[in-house]
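Reader: Please take a close look at one part of this model, the nonpolar core and what lies around it. Keep it brisk.

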Amino acid sequence: MLNTSPSPNTITIERLNKSYSDVKPGSSGSLHYIIKDIDLVVKGGEFFVLLGPSGCGKSTLLNMIAGFVSKTGGSLRVGNDEVDKPGKERAVVFQQADSSLFPWLTVRQNVEFGLKMKKMPKDQRQEISDRYIRLVGLFGHESKFPRELSGGMKQRVQLARVLANDPAILLMDEPFGALDAMTRRIMQKELSQIWRETGKTVIFVTHDIQEALLLGQRIAVMSTGPNARISSIYQVPIGYPRDPASPSLNELQRHIQSHFDAELEGGMYP
Ligand SMILES: Nc1ncnc2c1ncn2[C@@H]1O[C@H](COP(=O)(O)OP(=O)(O)OP(=O)(O)O)[C@@H](O)[C@H]1O
């Protein structure tokens, strides 16, 4: 018999809504949709980018997948399970590492935190933290505290900590948005390599088209809110590692940029 079950890391979204009621004194209020009727399937192991202008609802959608924000309609499943709360198979990497790192713990202690909570023996913990500290290029900085690190280094600690917990799905909300251009490029390369080595499902939110094109296998362009939806999904048929100067990448960038501009102007893209 044909097995039609989705992979446990596949995310299936059907007619997903997030609305809120704008209640004013003396009236019953009206319903406003942040996102409306989103349909999307992100396959297990895929690197999927959500691209959209500021305020369109990207973080809302990502936080719904994370289980931090509840839906007001439709369906959102990971594998066969409806998402109604956070789960250990999903981990979020935020734009600001500061709020997610413990300032009183060293780099190694921060990376090992989740493993310690799981009561993993010390030697095993150390082996795992060594691996991810090396992977994100922080070897030699294990004993430093967050206050002794640059913004890019803190972001690497956040990434190493998330990876050490081995979630199947990485949800990344503009994780490199606060970094300088050079550090950002290094982190993009590292993330792309980590994804290729680990085969995790990644959903990556950005409003930077070039970043989307360097990383994603598919790029979904969201319309401006309210009532935001996914207006188009682009395949990026270019292998990794990608060269930002490649003509095919630039061609696709121009195409997506004109779509993006049309969305911003509120026009329809042909
Ligand atoms: N609880 C809420 N009640 C009312 N409006 C909300 C609520 N949460 C978010 N919004 C609105 O929903 C819209 C989408 O917000 P969201 O943070 O998801 O956008 P975004 O695309 O991630 O933006 P950015 O790129 O600037 O981070 C915004 O206009 C925001 O003001």
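Author: Val49 touches Phe204, Thr206, Ala212, Leu215, Gly216, Ile219 and Ala220, leaving aside residues up to four places away in sequence. The model is predicted. Val49 also belongs to the largest nonpolar core, a set of 64 residues. Val49, Leu50, Leu51, Ile65, Ala160, Leu171 and Ile203 are the members that touch the most others. Helix α4, residues 151-164, gives the most to this core, with six residues.

Long-range contacts feature in the whole chain too. Among contacts with a separation of 6 or more, 69% join residues 24 or more positions apart. Of the 270 residues, 36% count as buried.

Now helix α1. The helix runs over residues 58-66. Seven of its nine residues are buried, so α1 is mostly covered. The buried ones are Lys58, Ser59, Leu61, Leu62, Met64, Ile65 and Ala66. Of these, Ile65 is also one of the core members with the most contacts to other members. After α1 comes Gly67, with a positive phi near 90°.

α1 also serves the ligand shell. It gives the largest share of that shell, three residues. The full list around the ligand is Tyr20, Ile34, Gly52, Ser54, Gly55, Cys56, Gly57, Lys58, Ser59, Thr60, His207 and Gly225. By class, the shell has three nonpolar, eight polar and one charged residues. Lys58 and Ser59 are in the shell, and both are among the buried residues of α1.

Next, a sheet. Four strands form an open sheet in the order β2-β1-β4-β5, with antiparallel pairing. β2 (30-42) and β5 (81-82) stand at the edges with a single partner strand each, so one side of each has no neighbour in the sheet. Ile34 of the ligand shell falls within the residue range of β2. Strand β4, residues 73-78, pairs with β5 in the antiparallel sense over two bridges. Arg77 has Glu82 in β5 as its bridge partner.

Last, the overall frame. The protein chain holds seven helices and 10 strands. Its radius of gyration is 20 Å, close to the 18 Å that the globule rule gives for 270 residues, so the chain is as compact as a globular protein of that length. Along its principal axes, the C-alpha trace spans about 55 × 55 × 50 Å.

Key: Residues are numbered from 1 along each chain as its sequence is written. This is a predicted model: local features need pLDDT of at least 70, side-chain atom pairs count only at pLDDT 80 or more; totals for chains, interfaces and linings use all residues. The radius of gyration is taken over C-alpha atoms; the globule rule is 2.2 Å times the number of residues to the power 0.38. A residue is buried if 20 or more other C-beta atoms lie within 10 Å of its own, exposed if 12 or fewer, and partly exposed in between; C-beta atoms are placed from the backbone. Two residues are in contact if their C-beta atoms, placed from the backbone, lie within 7 Å. A nonpolar core is a set of buried Ala, Val, Leu, Ile, Met, Phe, Trp, Tyr and Cys residues joined through C-beta atoms within 7 Å. A residue is near a molecule or strand if its C-beta atom, placed from the backbone, lies within 6 Å of it. Ala, Val, Leu, Ile, Met, Phe, Trp, Tyr, Cys and Pro count as nonpolar, Asp, Glu, Lys and Arg as charged, and the others, Gly among them, as polar. Two strands pair if DSSP finds at least two bridges between them.
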